[in-house]
Amino acid sequence: MNLNPFALPLVQGHAMTTASPDDSVAAPSIQAAAPQVYAAASTNEIKIHAKDVNVFYGDKQALFDVNIDIPGKSVTAFIGPSGCGKSTFLRCINRMNDTIPTAKVTGVIDIDGSDVNAKSVDPVILRSRVGMVFQKPNPFPKTIFENVAYGPRIHGLATGKAELEAIVESSLKKAGLWNEVADRLHQPGTGLSGGQQQRLVIARAIAVGPEVILMDEPCSALDPIATARIEELIDELRNQFCIVIVTHSMAQAARVSQKTAFFHLGKLVESGSTEDMFTNPRDTRTQDYITGRFG
Amino acid sequence: MLTWLSLLFLALFSGAAFMLGKRRAVKTAGGAPRVLHSLPGYYGSYAALWAGAPAALLLLLGTTFGGRVEDAMLQAQRPAVVQSLDVDRQDVFFSDAQAIAQGIAPSEVTYEGELKAALDVKVAEARRIENLVRFSVLGLSGVLALSGFLLAFPRLSADFRARNRVEGWVGGLLMASSIAAVLTTLGIVLSLVWESWRFFQSISPIDFLFGTVWNPQIAMRADQVAAEGAFGAVPLFAGTFLIMLIAMAVAAPVGLYSAIYLSEYANRPVRSVIKPLLEVLAGVPTVVYGFFAALTVGPLFRAGFNALGATMVGGPLDGVGQYLMEVQNQMALVAGVVMGIMLIPFVSSLSDDIINAVPQSLRDGSYAMGATKSETVKKVVLPAALPGIMAAMLLAVSRAVGETMIVTMAAGLQAKLTVNPLDTVTTVTVQIVTLLTGDQEFDSPKTLSAFGLGLTLFVVTLGLNIIALRIVQKYREQYD
Ligand SMILES: Nc1ncnc2c1ncn2[C@@H]1O[C@H](COP(=O)(O)OP(=O)(O)O)[C@@H](O)[C@H]1O
Ligand SMILES: [Mg+2]
């Protein structure tokens, strides 16, 4: 396995990033998201800050005192063997664990300084700011258009049909799917190929104008070509969103992420810049994992 | 008794054959069972099948057809005195001979002189024939069992494909069962078609399907057999349809809402109580719902409507008031509502399964977009489950159409063409029941019309079920 993060010709560290207004929940920001501002510094601004996060499923503890800072406008990868709690931690960020009756989360996770677990936070609003893409593409059994329009509709982001169409179009364009589906927007989303479905789901998430996009092994059900396409897309999207991706492939982590966190048995073993992690891991467990000795 | 005993013996013999076959297989393997083609049990089963199955089959055939054979043998020779009797009396003669031979009470006919002598001869002959048939069946079974075993046993060597043979037997058994099921169903359908065809020879199908007067009683009298419209089934189907609509108006929303509650909102303890309870309710016999309708709901509705009518009499709605005061216990509304109650568990249980089959990933996808629970249910889960729910509703409709007991007890017997739910109506199934209960001539158009109704109903419910199954199939494919 090639562990050199720079082996692939994906341009590293775009100095030019797109700024989308911080209150990007507001619909118009989606259309106004043309590249315009130099914002290299924003890459290092901490977007998500987790402190002493523990998660229990019933009596079983799945995460132990996780502390991590996740930068905005960049890609952070979570790696680690199966069952080490990557998905669990990801689901804490948009409070998807609320939907599991047995799950209990302690500790603090804040986004832009406000605690997501605070009583005053409505998970419904939180999730409109933090989108999520799942392992298996899960388009709704509706048309392509209706899939993307779903979020804007339930959040009332568009005032008219024209505005809704504009949001759908710009989201599909950002997800790199527009050219392939422009002439069949009103056919079922479930009829697309796996890779297209996954990009449709990404477009669906983008349409709400989130600040953070969580991706849980988004490529593990896809073939290598579709995977490469999604990786390119992720690299484009990090100009506008804070992206957190769980991946089983260390090559993928090396290719798409700027920061990497290694989980093992429910603990965050170490995290740091992707380049450092792969060339110079501090912990022996990390070393063993990335050299393929276990996992 | 003797048959049971011999079956028991056969079972023991077969069991012994199993042990012997198994032991022989293990022995030929010489302590290394891996050289055997099949597991030792298969060798045993093979021997047991050959020892038991043919003999058992013969025993069963013997008990089923033995009596017929005995009759035929006894009647092969008819003495001249007997032949001089007319045919009916001859039959009585022979059945009396059989009865006396078997120690059962004969008919009250008295036999004298030559006839009595002939009877005595035949009684003795009957005893002989009975013994002959019985012991030859037993003997033949014994021979079959032994030879089956002796044939199978020597074949059991290490490379004998016992598993394939035994599986062949099992496959044959399974096929025979399914053929029996298909054949009996086919037989019923054919007899339905045949009798309907006879009915349609005296009543034109056009009159039957489109006639608006149903009055089979008139047709009893010879001069009115073909009286026009006496067999018009439209009022019956209209009544069936009316009651079905009322039932679905109750069952569809309540059943669906309870399914949504159960699958999406109820927590686990609640669900684990309500779900089995609903399934128990689905098993309540319809006759219970029937007397619930006739004795409780009917009088209740009547009292309610009568009281309501009393308040209206003399006012601007005097006519309506007068009518309501006259309302009787039996009405389409009572039958429909109770039938709806009966269908609630059915609809709810089916819909619950269908809603549960919507992949969790779709719900997760919706929640992750910031959708609330009710948005997720309304906009993602229900649309995804809709085809399946439609199919469940169609199945409920087909049950409502075929339901008999509740309607018989609560809706009345008069065939009226009306859409008034407070009126008495009757349904197809109720008419079939009234046509066929009691003493009837089985050739009159009145009786045969039951087959005409039955066939039409069968075609309707079959159509509904086929459509429902199609929808369910399509829906399954969507998530595979
Ligand atoms: N819904 C759940 N209920 C109970 N235990 C769970 C649940 N989800 C995950 N777990 C457990 O939590 C641990 C971490 O799981 P997960 O976060 O899915 O790991 P990963 O994504 O790293 O493979 C595992 O041991 C898993 O069995
Ligand atoms: Mg996972």
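# A tour of chains A and B

Select A:Val181 to begin: with a relative accessibility of 0%, this residue counts as buried. The model in your viewer is predicted. A:Val181 lies in helix H6 of chain A. Show its surroundings, leaving aside residues up to four places away in sequence, and you find that A:Val181 touches A:Ile144, A:Leu172 and A:Leu192. Now add A:Leu268, which is 87 residues from A:Val181 along the chain. The C-alpha atoms of A:Val181 and A:Leu268 are 41 Å apart.

**Chain A as a whole**

Zoom out to chain A. How many helices and strands does chain A have? There are eleven helices and ten strands. Of the 295 residues in chain A, 55% are buried. Among the contacts in chain A with a separation of 6 or more, 68% are between residues 24 or more positions apart.

**Helix H4 of chain A**

Next, select residues 144-154 of chain A, which form helix H4. Is this helix largely enclosed, or open? Nine of its eleven residues are buried, so H4(A) is largely enclosed by the rest of the structure. A:Ile144, already met as a contact of A:Val181, is one of the buried residues. The others are A:Phe145, A:Asn147, A:Val148, A:Ala149, A:Tyr150, A:Gly151, A:Pro152 and A:Ile154.

To see what covers these residues, show helices H5 (161-174), H6 (178-181) and H7 (194-206) of chain A. The cover also includes helices H13 (360-368) and H14 (373-402) of chain B. After H4(A), click on A:Gly156, which has a positive phi, near 60°.

**Helices H13 and H14 of chain B**

Keep H13(B) and H14(B) on screen. These helices pack at an angle of about 145°, with their axes 10 Å apart, and their crossing is right-handed. On the H13(B) side, the contact is made by B:Leu362, B:Arg363, B:Ser366 and B:Tyr367. H14(B) contributes B:Lys373, B:Thr376, B:Val380, B:Val381 and B:Ala384. By type, the residues of this contact are five nonpolar, two polar and two charged.

**Helices H4 and H5 of chain B**

Move to residues 87-102 and 113-152 of chain B, which are helices H4 and H5. At what angle do these two helices pack? The angle is about 55°, and the axes are 8 Å apart. H4(B) and H5(B) are therefore oblique to each other. Their crossing is right-handed.

Show the side chains where they meet. From H4(B), select B:Arg89, B:Phe93, B:Phe94, B:Ala97, B:Gln98, B:Ile100, B:Ala101 and B:Gln102. From H5(B), select B:Leu115, B:Ala118, B:Leu119, B:Lys122, B:Val123, B:Ala126, B:Arg127 and B:Glu130. The residues of this contact divide into ten nonpolar, two polar and four charged.

**Cysteines**

The last stop concerns disulfides. A disulfide is a covalent bond between the sulfur atoms of two cysteines. Over all chains, the structure holds zero disulfides. Why is A:Cys219 not bonded to A:Cys242? The sulfur of A:Cys242 is the closest cysteine sulfur to that of A:Cys219, but it is 18 Å away, too far for a bond. A:Cys242 is in no disulfide either, and its nearest cysteine sulfur, in A:Cys92, is 15 Å away. Colour the two by accessibility: A:Cys219 is buried at a relative accessible area of 7%, and A:Cys242 is buried at 1%.

Notes
Residues are numbered from 1 along each chain as its sequence is written. Chains are lettered from A and ligands numbered from 1 in the order in which they are written. This is a predicted model: local features need pLDDT of at least 70, side-chain atom pairs count only at pLDDT 80 or more; totals for chains, interfaces and linings use all residues. Side-chain values use heavy atoms; hydrogens and water are left out. A disulfide is a pair of cysteine sulfur atoms within 2.5 Å. Buried means under 20% relative accessible area, exposed over 50%, partly exposed in between (1.4 Å probe, protein chains only). Axes are lines fitted to C-alpha atoms, for helices over the stretch in contact, and angles run from 0 to 180 degrees between N-to-C directions. Helices (H or I, at least four residues) and strands (E, at least two) are DSSP runs, numbered from the N terminus. Angles under 35 degrees count as roughly parallel, over 145 as roughly antiparallel, 65 to 115 as roughly perpendicular and the rest as oblique. A crossing is left-handed if the near helix is turned anticlockwise from the far one by less than a right angle, and right-handed if clockwise. Contact means heavy atoms within 4.5 Å. Ala, Val, Leu, Ile, Met, Phe, Trp, Tyr, Cys and Pro count as nonpolar, Asp, Glu, Lys and Arg as charged, and the others, Gly among them, as polar.
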